[in-house]
Amino acid sequence: MLEHYVVFQARPGRERDLDSALRAFASSIADTLPCLTEFSWGENINPSGRQRGYTHGCHARLTTAAALQEEYWVHPAHQLLLGQLDDLCEDRFALDYVTGDEAEGEVPR
């Protein structure tokens with residue numbers, strides 16, 4: 001499994017727009033990718049992250065590390081979201097790690 005987390009720093013005044021974009025993305029991607037076993041998103045409630053301006057986060061669980069680039073990344077709903085993020089966010093970053101059996105082997109890059 002691949003755990004894919006993204007943390008978003010919304011531009012001032014764009015928090016609701018980012019929230020709407022993430023909601024639309026979650027709706028558009030639901031049940032469209034067999035490799036996507038779980039997807040969640042929400043507003044950040046952690047004071048440490050909020051103090052740094054990180055307002056939202058999302059998590060996608062994928063069946064393999066390769067699925068991130070080969071299926072999830074190129075999905076039309078993901079491409080649409082990516083096209084909106086520069087306008088909505090001051091900053092964002094992803095954190096990916098492999099769990100389970102795949103973690104013991106070589107990770108595709």
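Partly exposed means a relative accessible area between the buried limit, under 20%, and the exposed limit, over 50%. Keep that cut-off at hand, because Tyr97, at a relative accessible area of 36%, is partly exposed. Tyr97 comes up again below. The model on screen is predicted.

**Stop 1: the sheet**

Switch to cartoon view. Select the four strands, which form an open sheet in the order E2-E3-E1-E4. The pairing is antiparallel. Now find the edges. Strand E2 (36-43) is one edge and strand E4 (89-98) is the other. Each of these edge strands pairs on one side only. Neighbouring strands of this sheet are turned by 10 degrees against each other on average, direction ignored.

**Stop 2: strand E3 and its partners**

Select residues 56-62, which are strand E3. On one side, E3 pairs with strand E1 (residues 2-10) in the antiparallel sense, over seven bridges. Click Leu2, then look across to E3. Which residue is the bridge partner of Leu2 there? Leu62 is. Move on to Glu3, whose bridge partner in E3 is Arg61.

Now turn to E2. E2 and E3 also pair in the antiparallel sense, over seven bridges. Gly42 is a good place to look: its bridge partner in E3 is Gly57. Colour E3 by accessibility. How many of its seven residues are buried? Five are, and E3 is mostly covered.

**Stop 3: the helices on the sheet**

Select helix H1, residues 15-29. H1 lies across E1, E2, E3 and E4. Its direction runs at about 165 degrees to E2. Add helix H4, residues 76-88. H4 packs on the sheet and touches E1 and E4. The direction of H4 makes about 135 degrees with that of E4.

Keep both helices selected. H1 and H4 pack at an angle of about 175 degrees, and their axes are 10 Å apart. Angles over 145 degrees count as roughly antiparallel, and H1 and H4 are therefore roughly antiparallel to each other.

Show side chains where the two helices meet. From H1, pick Asp17, Leu18, Ala21, Leu22, Phe25, Ser28 and Ile29. From H4, pick Ala77, His78, Leu81, Gln84, Leu85 and Leu88. By class, this contact has nine nonpolar, three polar and one charged residues.

**Stop 4: aromatic pairs**

Show the aromatic rings. The count comes to four aromatic pairs. Start with Tyr5 and Tyr97. Is this pair stacked or edge-to-face? The Tyr5 and Tyr97 rings are stacked, at 6.1 Å centre to centre with 20 degrees between the planes. The pair links distant parts of the chain: Tyr5 is in strand E1 and Tyr97 in strand E4, 92 residues apart. Tyr5 is partly exposed, at a relative accessible area of 31%. Tyr97 is partly exposed too, at 36%.

Next, select Tyr54 and Phe93. Their rings are edge-to-face, at 5.7 Å centre to centre with 80 degrees between the planes. Tyr54 lies in the loop between helix H2 (47-51) and E3, and Phe93 lies in strand E4, so the pair ties together parts that are 39 residues apart in sequence. Compare the surroundings of each ring. Tyr54 counts as buried, at 14% relative accessibility. Phe93 counts as partly exposed, at 40%.

Finish the rings with Phe25, Phe39 and Tyr72. Ring pairs link these residues into a cluster. Phe25 has appeared before, among the H1 residues that contact H4.

**Stop 5: Thr55**

Select Thr55, in the loop between H2 and E3. Is Thr55 buried or exposed? Thr55 is buried, with a relative accessible area of 5%. Show what Thr55 touches, leaving out residues up to four places away in sequence. The contacts are Phe8, Gln9, Ala10, Glu15, Leu18, Gly42, Glu43, Asn44 and Arg50. Two of these names are familiar: Leu18 from the contact of H1 with H4, and Gly42 from its bridge to Gly57.

**Stop 6: Asp31**

End in the loop between H1 and E2, where Asp31 is found. Check its backbone. Most residues other than glycine have a negative phi. Asp31 is not a glycine, although its phi is positive, at about 60 degrees. Asp31 counts as exposed, at 85% relative accessibility.

Definitions and conventions. Residues are numbered from 1 along each chain as its sequence is written. This is a predicted model: local features need pLDDT of at least 70, side-chain atom pairs count only at pLDDT 80 or more; totals for chains, interfaces and linings use all residues. Side-chain values use heavy atoms; hydrogens and water are left out. Two strands pair if DSSP finds at least two bridges between them. Axes are lines fitted to C-alpha atoms, for helices over the stretch in contact, and angles run from 0 to 180 degrees between N-to-C directions. Contact means heavy atoms within 4.5 Å. Angles under 35 degrees count as roughly parallel, over 145 as roughly antiparallel, 65 to 115 as roughly perpendicular and the rest as oblique. Ala, Val, Leu, Ile, Met, Phe, Trp, Tyr, Cys and Pro count as nonpolar, Asp, Glu, Lys and Arg as charged, and the others, Gly among them, as polar. Rings of Phe, Tyr and Trp (its six-membered ring) pair if their centres lie within 6.5 Å; planes under 30 degrees apart count as stacked, over 60 as edge-to-face and the rest as tilted. Buried means under 20% relative accessible area, exposed over 50%, partly exposed in between (1.4 Å probe, protein chains only).
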